[in-house]
Amino acid sequence: MCGIFGYKGMKNSFSVVFNGLKDLEYRGYDSWGIASLIDGEIKVVKKTGKIGEDFDEESVKSSISIGHTRWSTHGIPSDKNAHPHFSCDKKIAVVHNGIIENHDEIRARLKGHKFKSDTDTEVIAHLIEEYMKKYDYKEAVVKALGELEGSFALMILNSEREEIIAVRRGSPLVLGVKKEEFFLASDILALLRHTKEIIFVEDDEMVIFNSGFKMINFVSGEVIDRKPEVMDIDFNESDKGAFSHFMLKEIYEQPKAIEKTISGVNGNGVVFQIPEKVLSRLNRVVIVACGTSWHAGLVGEYWIERFAGIPVEVEYASEFRYRKPIIDENVLLVAISQSGETADTLAAVKEAKDKGAFIFSICNVFGSTLTRVSDLVVYTRAGAEIGVASTKAFTTQLSVLYLLSLFFGEKKKVLTGSEVEKRKEFLKKVPVQIAEILKNEKKVREIAENYYLDKNALYLGRGLNFPIALEGALKLKEVSYIHAEGYPAAEMKHGPIALIDKDMPVVFIAAKDKTYEKVMANIEEVKSRKGKVIALASEGDSIVAGKVDHVLYIPTADHFILPFLTVIPLQLLAYYIADLRGCEIDKPRNLAKSVTVE
Ligand code: F6R
């Protein structure tokens, strides 16, 4: 987490960095800070809270600045712990994304240095200062880097030099170039408003920019000559338009995002580019992801097993590599990530890649780290997702997984060509069906009015809709801070039923599928214990309406398509409940959009 931004050029660097940090705020927003070089001195501004609250960006003038927006790991959010951090003599300033795992050890060793913060980052500035007693500046930086354990993307400012040094190991760093202007940021989205000429900095690389820029490998010393790539991506999606929050806007963007994703996959046939030799030996699919992307993976598991008969395991990326997973070259590893920067997912991919698996990733951010370490990437075309709670990324991930499962189904001869075509037609109808569901927004808002003061909620679903119950519960907790749990509906009687009373709202996904009768029985069990029930039901189902407190209807659809539809009212419900509670929906407390620490 955390976002870093640096600039050197003829514009006011403070203002460029200040606005760059706003573009990176989704990575963390508990405090921010900027260091600017002015007449041989480093001036610093640090604030607790979101960027720019009560601050005039033109109040500092400089041509060279580095900045940071923070998601706390070490030390509470406060002015003192906000980056940049300094050496004792204030000559070295550092901003950092990542974690220095051996910071306690280094701190203990740096006798005589006065530390001002509780952060892991501060040791870097002091370590450079210590080495500068014996070595010149650049050597001192390299020596200090040699001691750091963990992950980092760093920018360093030295009050005696008109230059920024930036390095990367394990955390993202991207360089943007424009005539006589240099930009550095944690991701390309923050650079696109300035330039489309981008260089991706790789692990162990250092960028030095002064009058020009130079790149070296700081371990081997080798000079790197990498030309900028021109990114054909527009920066035009960070506007809420008429919507009061990005989350709501993004919920409404789903029909378009799914259409674009389907045509992206079909249009250039990317799904079909898995090499024949990989397909012929494939005996298992392992899906790794976190959070909402993991829920998409669970739906993918049902589809792939059912349509293609290939065994699938879905793993939390964060757990995967800590239990010596059995992976070989017969495994296709599917990594799902909106951001492509989730540290746990990247670590799982590395583990699987080292063991010979083919890495197929489903990602929304062009040029992100995941896309560069994968053997094959299929992009979801959701556009920039700004709201911290993931919505359109989820349904576009489902779109790719659905098409992937049909592709496997045909390859493995479990489905005929005409069955595949029929199922693709079902998918093509999804955008229109979602648009229909969105017309019921008012009804969802009314239901939210009945429940927004509650403290708990249960979400129950079976089969393909069990992951949707998990996703509905996750959405509610994230944006409204109401405690919510998702369970397979049939598991309720094995424990959670003890929670049911008149104060426990239970959301049932009770659409017409093979589990319908069983889910109806579970509804009766909750009602007979005085629980409040909100049911998602298939259009025209009047029976369910007679049994529950509220019903939200979804269009009738093929059983396998239901997750695309049932998730929509749950996204809206979480949104409206959070809105009624006055929560900061797009930037919920303690969260960050991109989780770049393990
Ligand atoms: C939930 C949410 C998170 C992410 C998770 C993985 O709304 O946004 O749970 O899904 O942090 O992020 P990505 O998909 O970027 O790897």
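**Rings, charges and a ligand**

Guide: W303 is buried, and F564 is buried as well. Both statements, like everything that follows, refer to a predicted model.

Visitor: How many aromatic pairs are counted here, and what makes the pair of W303 and F564 a stacked one?

Guide: The count comes to 16 aromatic pairs. For W303 and F564 the ring centres are 5.6 Å apart and the planes stand at 25°; since a pair requires centres within 6.5 Å and stacking requires planes under 30 degrees apart, both conditions are met and the pair is therefore called stacked.

Visitor: Which parts of the chain does that pair link?

Guide: The pair links distant parts of the chain, because W303 belongs to helix α8 (residues 291-308) and F564 to helix α18 (residues 562-580), with their positions 261 residues apart in sequence. Ring pairs also join W303 and F564 with F307, Y402 and F560 into a cluster.

Visitor: How do you know that R589 lies over the face of Y481, and what is the distance for K512 and Y516?

Guide: R589 is at 3.8 Å from the ring centre of Y481, and K512 is at 5.0 Å from the ring centre of Y516. The distance part of the criterion asks for a value within 6 Å, which the pair of R589 and Y481 satisfies, as does the pair of K512 and Y516.

Visitor: What makes K475 and E478 polar contacts of the ligand?

Guide: A polar side-chain atom of K475 lies 3.0 Å from a ligand oxygen atom, and a polar side-chain atom of E478 lies 2.8 Å from a ligand oxygen atom. With T292 the atom involved is a backbone N or O, at 3.1 Å from an oxygen atom of the ligand. The limit for such a contact is 3.5 Å, so the distances of T292, K475 and E478 fall within the limit.

Visitor: How much of the ligand does the protein cover, and which residues come nearest?

Guide: The protein covers 90% of the 410 Å² of accessible area that the ligand has on its own. Helices α8 and α15 (466-480) are the elements that give two or more residues to the surrounding shell. Of the 15 residues around the ligand, S293, S337, Q338, S339 and T342 come nearest, and the shell divides into 5 nonpolar, 8 polar and 2 charged residues.

Visitor: Why is A144 called buried?

Guide: A144, in helix α4 (residues 137-147), has a relative accessible area of 1%; buried means under 20%, so A144 qualifies.

Conventions: Residues numbered from 1 in each chain as written. Predicted model: local features only at pLDDT ≥ 70, side-chain atom pairs only at ≥ 80, totals over all residues. Heavy atoms only, no water. Phe/Tyr/Trp six-rings, centres within 6.5 Å; stacked < 30°, edge-to-face > 60°. Helix = DSSP H or I, 4+ residues; strand = E, 2+ residues; numbered from the N terminus. Buried < 20%, exposed > 50% of the residue type's maximum accessible area, 1.4 Å probe, protein only. Lys NZ or Arg CZ within 6 Å of the ring centre and 35° of its normal. Near = heavy atom within 4 Å. Polar contact = N/O pair within 3.5 Å; in protein donor to acceptor, adjacent residues only side chain to side chain. Areas by Shrake-Rupley, 256 points an atom, 1.4 Å probe, with all protein chains shown as cover. Nonpolar A, V, L, I, M, F, W, Y, C, P; charged D, E, K, R; others polar.
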